[in-house]
Amino acid sequence: MSYHYELLIIGAGSGGLAAAKRAAAYDINVAVVEKESLGGTCVNRGCIPKKLMVYAADFALQDQLATSYGWSECQRQINWSQFLSKIHHHIDKLNQSYLQTLEEAGIDLIRGQAKFVDAHTITVSDRQITANKIIIAVGGHPIVPNIPGKEHGITSREMFHLQELPKRLAIIGGGYIGVEFASMMDALGSEVTLMDVEESILPGFDHDIRMSVQRALSQRGIRILTQTTAKEISQGSDGIQLSLSGDYQETLNADTVLIATSRAPNTKDMGLENTEVNVSEKGVIEVDEYSRTTQDTIFAIGDCTNRIPLTPVAIAEGQAVVDTAIGNQPQSVNYDDVPSAVFTRPEAATVGMTQSKAQKKFGDSVRCYRTEFKPMLYSLSEQDEKAMIKLIAEGENQRIVGAQMVGEHAADIMQTLAVAIRQGVNKQELDATICIHPTIGEEVLTLE
């Protein structure tokens, strides 16, 4: 049978674009379908604009610290509209760059919503398109829980389109998205209240990371309400009112309410029922180790599956799928020891197992090496800033199976340590490594 394309990719986010570029190298007909801006969540309303906002917030934090180093006090304020304009200008340039890359590679870009007719056919608007193999890379979206008055809140998607910096910001959800926004908006000048139904923020992370970040954010002035959520949101005479339930049963007033509770795959209304692709009640696509769905010719990658929802993981999956499906070189992604970070201030990062997971798997052979100290950057300051580093080792040779850190450069340090952990380095080998002094990273090599 003749098809319009050998490979069709639905979704031009990080994973989809990576798959398209890898497929073009095989000299086949490739098309990408995208209904929104190129780059997906990460580029347009996630990693990239959020990290730029982190950098902007860092200038405010540096101003607070500067007087400890003899600099005179100065009162600077951010021009919010100018800042957001620069962010969107940068994103526009990235979008144009992706478009140029597709054009130069000879990859067709089809704009619109894709809907399956069968395993080899989709429609986009009134156009019908066929492909031998299809990759679904549609990503995910924020879920807004069914709270009365939820229409008065916004999601992370709208945070980069606020007309002005909110004086009072309430955040529902203490996962990494809510915590990162709490950190940066506090530094930029908002009065922030963060709430979560758990006993502490950052559920799923190592206990020491959760406690260290929560303590640091509280010390910076962020009000953290645990085991608490909003039962109703309404418009009041003094802004938006949140009626809280749980440990803190009170009424909270805010100018902006960010709802950052969870995310779900963008698989609704795709016509997947017209294929043999298995999809869970929550919209998650079932895949095997090669990202193949229950329909042999259809694959799925990234946040629409049930694996690790990180941009570098989606990119790796996209490249592996193409090598498998087009190159006939079966490739699977190794999900062990994938590093991740929370870009709060202080920064948090982790790689490998948490302490609880290691103890559950290895039992009494697990040993933890942990330190908490005041970083040199704050040695001239009266700020009670603490950094935390922890290594988790197992067995007689003390193989490192996990690492956690809270403090400056945590993400970069854990990124490098991920290589060592993947190679099976043990505690003695780390101890024998000569460090660079004075750095915060040397603490990893001198833990006792």
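1. Pro-346 sits in the loop between strand E17 (340–342) and strand E18 (348–352). The peptide bond that joins Arg-345 to Pro-346 is cis, with omega at about 10 degrees. Helices (H or I, at least four residues) and strands (E, at least two) are DSSP runs, numbered from the N terminus.

2. On the basis of the model: this is a predicted model, in which local features need pLDDT of at least 70, side-chain atom pairs count only at pLDDT 80 or more, and totals for chains, interfaces and linings use all residues. Residues are numbered from 1 along each chain as its sequence is written, and side-chain values use heavy atoms, with hydrogens and water left out.

3. A cis peptide bond also joins His-437 and Pro-438, with omega at about -5 degrees. Pro-438 belongs to the loop between helix H11 (427–431) and helix H12 (442–445). Most peptide bonds are trans, and most residues other than glycine have a negative phi.

4. Two residues in the loop between helix H8 (311–325) and E17 deserve a look. Asn-328 lies in that loop and has a positive phi of about 55 degrees, although it is not a glycine. Asp-337 lies there too; its phi is positive at about 60 degrees, and Asp-337 is not a glycine either. Asn-328 is exposed, with a relative accessible area of 64%, whereas Asp-337 is partly exposed at 21%. The cut-offs are under 20% relative accessible area for buried, over 50% for exposed, and partly exposed in between (1.4 Å probe, protein chains only).

5. The end C-alpha atoms of H8 are 21 Å apart, which agrees with the 21 Å that its 15 residues should span at 1.5 Å a residue. The expected span is 1.5 Å times one less than the number of residues in the helix. Buried residues of H8 include Val-313, Ala-314, Glu-317 and Asp-323. Their cover includes strand E1 (5–10), helix H1 (14–24), strand E6 (127–136) and strand E16 (298–300). Contact here means heavy atoms within 4.5 Å.

6. Four strands make up an open sheet with parallel pairing, in the order E10-E9-E8-E14. Strand E10 (223–226) and strand E14 (256–259) are at the edges with a single partner strand each, so one side of each has no neighbour in the sheet. The twist averages 15 degrees from one strand to the next. Two strands pair if DSSP finds at least two bridges between them. Strand E8 (residues 168–172) and strand E9 (residues 191–196) run parallel and are joined by five bridges. In this pairing Leu-169 of E8 stands opposite Val-192 in E9.

7. Helix H6 (residues 176–188) packs on this sheet and touches E8, E9 and E14; its direction makes about 165 degrees with that of E9. Axes are lines fitted to C-alpha atoms, for helices over the stretch in contact, and angles run from 0 to 180 degrees between N-to-C directions. H6 has 13 residues and reaches 18 Å from its first C-alpha to its last, close to the 18 Å expected at 1.5 Å a residue. Twelve of the 13 residues of H6 are buried, among them Glu-180, Phe-181, Met-184, Met-185 and Asp-186. Gly-189, just after H6, takes a positive phi of about 125 degrees.

8. Another open sheet has three strands in the order E11-E12-E13, with antiparallel pairing. Its edge strands, E11 (228–236) and E13 (251–254), each pair on one side only. Here the twist averages 30 degrees from one strand to the next. Eight bridges pair E11 with strand E12 (residues 239–246) in the antiparallel sense, and Ala-230 stands opposite Leu-244 in E12.

9. For the chain as a whole, the secondary structure comes to twelve helices and 21 strands. The radius of gyration is 24 Å, which agrees with the value near 22 Å for a compact globule of 448 residues. This radius is taken over C-alpha atoms, and the globule rule is 2.2 Å times the number of residues to the power 0.38. The C-alpha trace spans about 75 × 65 × 40 Å along its principal axes.

10. Of the 448 residues, 48% count as buried. Residues 24 or more positions apart account for 62% of the contacts with a separation of 6 or more. The chain exposes about 21,800 Å², of which carbon and sulfur atoms supply 46%. Accessible areas come from the Shrake-Rupley method with a 1.4 Å probe; for residues, only the protein chains shown count as cover.
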